[in-house]
Amino acid sequence: MEFKLPNLPYEYGALEPYYDKETVELHHSKHHAAYVAGLNNAVAKLKEARDSGDFALVKHWERELAFHGAGHVLHSVFWENMKAGSDDNKAEGKILEAIKKSFGSYDAFVKQFSAATASVEGSGWGVLAKNSDGDLQIFTVENHQKAFIPGYQILLVCDVWEHAYYLKYQNRRPEWIENFIKIINWEEVERRYSQ
Ligand code: MN3
């Protein structure tokens with residue numbers, strides 16, 4: 001079974017001016033595509049190891065599997081949790097109630113999510129996730145696969161690898177996050193929350 005690069009649910013320029021067309025195209029067609037290729041390669045190499053019985057490099061390929069696999073999953077969620085934005089974009093309905101219950105208010109959520117995501121050391125992600133009781137937590141994931149509690153279901157992710165924002169925002173990561181908040185697809189986040 002081959003993993004495939006998913007199509008975006010919108011045109012490359014659909015998230016302008018908050019997220020520029022050039023970055024979205026490069027990010028999807030080159031960066032995300034590379035994670036899909038890396039994932040398929042790791043899966044193939046692990047099959048080769050099983051077939052030959054030679055597991056000398058199993059540690060390496062298991063790490064590659066986790067890195068590229070997590071990269072593929074996070075990017076797939078990322079594309080879906082954005083939409084054409086507006087300056088007053090905000091959570092509504094059920095997901096807003098869940099946010100209020102877990103964080104006190106929508107503004108408190110935005111402040112914690114933005115500060116936490118901005119604080120990721122090096123490359124990583126800001127992640128909103130829920131546990132089986134429906135309680136929400138914010139995680140700062142390093143690379144694609146570090147610093148996360150197993151069992152939490154991912155609802156919303158913000159990519160803060162430099163490749164995600166450097167063309168438009170250069171080193172201004174907080175400005176990228178501020179603009180990301182305006183293109184969050186809260187209907188999609190609520191759909192994941194209700195699953
Ligand atoms: Mn990325």
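Against which elements do the buried residues of α3 pack? They pack against α4 (106-118), β1 (124-130), β2 (136-142) and α7, and the sections below set this helix in the context of the chain.

## Basis of the model

This is a predicted model, in which local features need pLDDT of at least 70 and side-chain atom pairs count only at pLDDT 80 or more, while totals for chains, interfaces and linings use all residues. Residues are numbered from 1 along each chain as its sequence is written, and side-chain values use heavy atoms, with hydrogens and water left out.

## The chain as a whole

The chain holds seven helices and three strands, where helices (H or I, at least four residues) and strands (E, at least two) are DSSP runs numbered from the N terminus. Read from the N terminus, the order of these elements is α-α-α-α-β-β-β-α-α-α. The radius of gyration is 17 Å, close to the 16 Å that the globule rule gives for 195 residues, so the chain is as compact as a globular protein of that length; the radius is taken over C-alpha atoms, and the rule is 2.2 Å times the number of residues to the power 0.38. Along its principal axes, the C-alpha trace spans about 55 × 40 × 30 Å.

Of the 195 residues, 46% are buried, a term that means under 20% relative accessible area, with exposed meaning over 50% and partly exposed lying in between (1.4 Å probe, protein chains only). The chain exposes about 10,100 Å², and carbon and sulfur atoms supply 51% of that area; accessible areas come from the Shrake-Rupley method with a 1.4 Å probe, and for residues only the protein chains shown count as cover. Among contacts (heavy atoms within 4.5 Å) between residues at least 6 apart in sequence, 68% join residues at least 24 apart.

## Two helices with a buried side

In helix α3 (residues 93-103), the buried residues are Ile95, Leu96, Ala98, Ile99 and Phe103. Seen down the axis of α3, these residues fall within an arc of 160°, so they line one face of the helix; the arc is that of the directions from the helix axis to the C-beta atoms. Lys94 and Lys101, on the other side of α3, are exposed. An α-helix has 3.6 residues a turn, so residues three or four places apart point the same way. After α3 comes Gly104, which has a positive phi, near 100°.

Helix α7 (186-194) has Trp186, Glu188, Val189, Arg192 and Tyr193 as buried residues. These residues cover an arc of only 160° around the axis, which puts them on the same side of α7. The cover over the buried residues of α7 includes α2 (58-80), α3, α4, β1, β2 and β3 (153-159).

## Residues in the loops

Just ahead of α7, Asn185 sits in the loop that joins α6 (173-180) to α7, and with 15% relative accessibility Asn185 counts as buried. Leaving aside residues up to four places away in sequence, Asn185 touches Glu80, Asn81, Met82 and Lys83.

The loop between α4 and β1 contains Val120, which is also buried, with a relative accessible area of 6%. Not counting residues up to four places away in sequence, Val120 touches Trp125, Thr140, Val141, Val160 and Arg173. Val120 and Leu26, which are 94 residues apart in sequence, lie 22 Å apart in space, C-alpha to C-alpha.

Leu57, by contrast, is exposed, with a relative accessible area of 54%, and belongs to the loop between α1 and α2. From Leu57 to Lys47 the distance is 12 Å, C-alpha to C-alpha, over a separation of 10 residues in sequence.

## Backbone details

Two residues in the loop between β2 and β3 have a positive phi although neither is a glycine, and the table sets out their values.

| Residue | Phi | Relative accessibility |
|---|---|---|
| Asn143 | about 50° | 24%, partly exposed |
| Ala147 | about 75° | 45%, partly exposed |

Towards the N terminus, Pro17 lies in the segment before α1 (21-52), and the peptide bond that leads from Glu16 to Pro17 is cis, with omega near 0°.
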